[in-house]
Amino acid sequence: MLRHLNMLQLRQCRRSSPFSRLFMIDHLLLIIVLISSTLLHNDIIVSASSSIINDKQHLAAIAELKRLVPPPLTTNQRSSSEVDAINDDAYYARFLSINEWDPIKTESNIRQSIEWRLRVQPQNLRPRHCPILCRQYAWLALTTGPGSKMMLMNDEPGDVDANVDNRNRKKKKQQKQQLPLDPPYNSPPLQSWRTTKHGLPITYFRCWKWKPELASSDESEKHLAYHIHHLLRRIPTNRNNKQKDISRICVIFDMRGFSSAMLPHIHKCINILRCQYPGRAGAMCFINVPVYFTTVWKIISPWLDEEIRTKVFFAERGVDDVEKAVEFLNGMELKTGLY
């Protein structure tokens, strides 16, 4: 039919005047251009669809996981901010991302995490809930601005003198008990929270100051939850959508003073990070690692899943303080968001 119509148009074109032929040619050219542009437009649509197909699949996986494990309702015992944090699609997406976006595989993981969050309520924690560990000044939230270096200048590993008499030791203990709990919920006056060049908030862990055995198991759990939530609160806000997605954190571990007695407490910390905050590790940088730590790492590394293990970095020997560690990390390409 189409072929017959084309032949008829061609005969008419031969019999018509030159102007009619010219008009017919222009008409055919216009049809060709329209068909070509339509095909090109279809190609663009197909390409665009294929580029976002993963997003559609992810949204479908999130919806299915929310159907399997619905977000909790706000009650008198449950903070609305905690429930809002759980209800966020990104919360479900992080758990799915470490389980190949499979809602069935993710169901048990996120169910236990929701139960944990409702029990511990990290968003409501403050330093007063973990006073023993917050007075140790082992986990420092790095800041910039006037006075930000003061916390780094005191209490080096060699500052503790084993030969001080009991009177001085008691006086020092009393002074420590009068210190403000750290880190404060809000940044100190004239200071702001420090980040890497990628935007990851930084906590500096001083191993020689950490005495987890002095606190109860309940306080240790709350202390770590408070610190991780504190890090998440320090993530720069995405103003006017100009900043790339930042949802990960950075911890610099200064391993001076490490002892094998810390391993059970380290195991507990890793479990909380792995089970309750998947997809949050951006950089875990180790400095001043003792020579025998290679053996210790063989014990620790199986506790980590691949998602966290790929974010662990051991700095070279010359990187022996926090400033050099930040510079070391700033020279690297770090994952900042979910993807």
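**View 1. The largest nonpolar core, with its best-connected members.** In this predicted model, the largest nonpolar core holds 62 residues. The members that touch the most others are I252, F258, F293 and L329. As a rule, nonpolar side chains in soluble globular proteins tend to be buried together.

**View 2. Zooming in on I252.** Who does I252 touch, once its neighbours within four places in sequence are set aside? One run of partners is I202, T203, Y204 and F205; the list also takes in C285 and I287, plus V322, A325, V326 and L329. L329 turns up in both views, since it is also among the core members with the most contacts to other members.

**View 3. A second core.** Apart from the largest core sits another one, made of 15 residues. Look for L65, L68, L96 and I114, which are among them.

**View 4. The five-stranded open sheet.** Reading across, the strand order is β1-β4-β5-β6-β7, and the pairing is mixed. β1 (139-141) and β7 (312-314) are the edge strands; each has a single partner, so one side of each has no neighbour in the sheet. From one strand to the next, the twist averages 20 degrees.

**View 5. Where β6 meets β7.** β6 covers residues 281-287 and runs parallel to β7, with three bridges between the two. Here M284 sits opposite V312 of β7.

**View 6. Zooming back out to the chain.** Overall you get 13 helices and seven strands, with 40% of the 339 residues buried. Of the contacts between residues at least 6 apart in sequence, 82% link residues at least 24 apart. The accessible surface is about 19900 Å², and carbon and sulfur atoms account for 58% of that.

Technical notes:
Residues numbered from 1 in each chain as written. Predicted model: local features only at pLDDT ≥ 70, side-chain atom pairs only at ≥ 80, totals over all residues. Heavy atoms only, no water. Helix = DSSP H or I, 4+ residues; strand = E, 2+ residues; numbered from the N terminus. Buried < 20%, exposed > 50% of the residue type's maximum accessible area, 1.4 Å probe, protein only. Contact = heavy atoms within 4.5 Å. Areas by Shrake-Rupley, 256 points an atom, 1.4 Å probe, with all protein chains shown as cover. Core = buried A, V, L, I, M, F, W, Y, C linked by side-chain atoms within 4.5 Å. Pairing = 2+ DSSP bridges. Axes fitted to C-alpha atoms, helices over the stretch in contact; angles between N-to-C directions.
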